[in-house]
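Here are a few exercises to work through with the model open beside you. Try each task before reading its solution.

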Amino acid sequence: MSMELDAPAPEEPAVAEDGVWLECIETGEQYAPFEGIRYRSDAGGLLEVRYADLPDFTDFSGRGVWRYADALPVEREVTIDEGDTPLYEVPRLEEELGVESLRVKHEGMNPTGSFKDRGMTVGVGVARRLGVERLACASTGNTSAALAAYGARAGMETLVLLPAGKVAAGKVAQASLHGARILEVDDNFDTCLDIVQNLANRGEAYLLNSLNPFRLEGQKTIGLEILEAFEDDYGRFPDRICLPVGNAGNTAALFKAFRELVAAGAMETEQVPKLTGVQAEGAAPMVEAIEDDREAVERWETVETRATAIRIGNPVNAPKALPGIRETGGTAVAVSDEEITDAQRSLAEEGVGVEPASAASVAGLRKLREEGVVGSEEDVVCLTTGHLLKDPDAAAAAGADPEPVAGDTDAVLEHLAE
């Protein structure tokens with residue numbers, strides 16, 4: 001494995017506050033983190049949060065996202081006890097797929113039912129420190145639900161833009177009940193994000209999509225939890241992590257977490273899990289870039305998949321995520337909607353209920369095992385990102401139909417006998 005590491009800075013730059021600063025991933029330009037609001041560098045590059053001191057596992061205490069406070073840019077302030085999600089055993093799937101071990105990290109067990117809560121507890125905390133008044137995001141559903149909940153918790157105005165008719169009802173209901181102002185845009189997610197970025201650039205709102213570097217700091221705790229829990233159970237780190245890819249924020253965040261641990265001396269480069277991205281065939285620009293060995297993704301203007309949470313044609317974090325896949329020795333794969341639904345059913349048979357996009361990780365692993373890309377000796381973790389009830393219509397379509405029966409015991413017994 002060849003990995004370019006971000007070593008700790010030899011000295012804290014003048015722009016740092018509390019040992020924290022922002023840095024352009026392309027040019028190395030550095031910026032003060034809390035004096036003003038910025039989402040990109042002056043050169044237009046993506047930003048990452050940097051730290052003067054990088055913690056190792058001995059510095060962590062407590063539970064949930066804020067167990068990792070020493071690796072985060074602000075203090076715990078706006079929280080709904082997010083994180084500390086289960087790493088499930090799935091013995092039948094493990095046997096079917098024929099890997100050394102298989103565990104499922106179920107992020108649907110967060111407060112609003114998705115991994116987005118991890119980013120929002122940090123991102124909304126930063127927004128409060130910056131003194132902003134209005135929070136905003138574009139969303140395929142989960143981001144809007146999380147932002148609405150954490151915005152409500154913080155007592156802040158929240159605006160969400162959704163692609164009309166393309167967001168599961170459960171997610172819209174969450175954003176609505178938590179008090180967000182919901183705008184349905186007559187176009188796709190990528191257009192919604194274009195608009196929200198324009199609003200943010202005009203100072204009309206604070207953007208909390210994963211373009212915001214602070215949000216990804218919360219999401220990197222997924223990787224830290226996986227490593228700690230897996231090592232507790234097996235005495236080693238997993239060989240591979242398979243994860244669904246929409247805007248590629250989790251891929252970027254996990255890669256950053258692992259780089260920081262290596263730089264802190266908490267793990268060796270050869271111990272870093274292979275990051276393996278999975279997309280739906282109808283929305284797979286990252287897979288296309290990996291397969292064509294391109295340095296950047298090309299935007300897909302038309303995307304379609306029943307896995308609504310990853311129905312994205314222009315993943316903004318691709319410049320961070322593509323190196324994460326390549327430098328960890330991972331890969332990317334596209335799966336059909338039918339393969340996603342089959343994986344959703346397989347997880348449900350293990351008692352793990354997820355929305356379609358979540359099941360993409362298992363569908364991708366299944367395909368890569370069939371192709372011989374993933375070996376039988378590998379320890380694998382599949383990340384599932386959202387709860388089954390996020391998309392109840394998809395769950396009902398994937399499950400068995402109710403059976404009508406007359407209202408007495410004998411009728412029930414007769415029906416069962418048939």
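## Exercise 1: a small sheet

**Task.** In what order do the three strands of the open sheet lie, and is the pairing parallel or antiparallel?

**Solution.** Keep in mind that this is a predicted model.
- Step 1: the order is 2-1-3, and the pairing is antiparallel.
- Step 2: look at the edges. Strand 2 (30–31) and strand 3 sit there with a single partner strand each, so one side of each has no neighbour in the sheet.
- Step 3: zoom in on one pair. Strand 1 and strand 2 run antiparallel and are joined over two bridges. Glu23 has Gln30, in strand 2, as its bridge partner.

## Exercise 2: the cores

**Task.** Which residues have the most contacts inside the largest nonpolar core, and which elements supply at least two residues of this core?

**Solution.**
- Step 1: this core has 53 residues, and Val124, Val126, Leu135 and Tyr206 have the most contacts inside it.
- Step 2: on the helix side, helix 2 (116–130), helix 3 (142–154) and helix 5 (189–201) each supply at least two residues. Strand 1 (20–24), strand 3 (47–51), strand 6 (134–138), strand 7 (157–163) and strand 9 (206–207) do so too.
- Step 3: a second, separate core of 29 residues includes Ala280, Ala309, Ile340 and Val354.
- Step 4: go back to Val126. Leaving out residues up to four places away in sequence, Val126 touches Phe34, Val74, Tyr206 and Phe214.

## Exercise 3: checking helix 8

**Task.** What span should helix 8 (residues 249–263) have, and how far apart are its end C-alpha atoms?

**Solution.**
- Step 1: count 1.5 Å a residue, taken over one less than the number of residues.
- Step 2: for the 15 residues of helix 8 that gives 21 Å, and the end C-alpha atoms are 21 Å apart, so the two agree.
- Step 3: check the cover. Of the 15 residues in helix 8, 14 are buried, taking buried as under 20% relative accessible area.
- Step 4: look past the end. Gly265 follows helix 8 and has a positive phi, near 80°.

## Exercise 4: the whole chain

**Task.** What radius of gyration would a compact globule of 418 residues have, and what does the protein chain have?

**Solution.**
- Step 1: the globule would be near 22 Å; the protein chain has 21 Å, which agrees.
- Step 2: the C-alpha trace spans about 80 × 50 × 45 Å along its principal axes.
- Step 3: buried residues account for 60% of the 418.
- Step 4: of the contacts between residues at least 6 apart in sequence, 70% join residues at least 24 apart.
- Step 5: to round off the tally, the protein chain has 14 helices and 13 strands.

How values were computed: Residues numbered from 1 in each chain as written. Predicted model: local features only at pLDDT ≥ 70, side-chain atom pairs only at ≥ 80, totals over all residues. Heavy atoms only, no water. Core = buried A, V, L, I, M, F, W, Y, C linked by side-chain atoms within 4.5 Å. Buried < 20%, exposed > 50% of the residue type's maximum accessible area, 1.4 Å probe, protein only. Helix = DSSP H or I, 4+ residues; strand = E, 2+ residues; numbered from the N terminus. Contact = heavy atoms within 4.5 Å. Pairing = 2+ DSSP bridges. Rg over C-alpha atoms; globule rule 2.2 N^0.38 Å.
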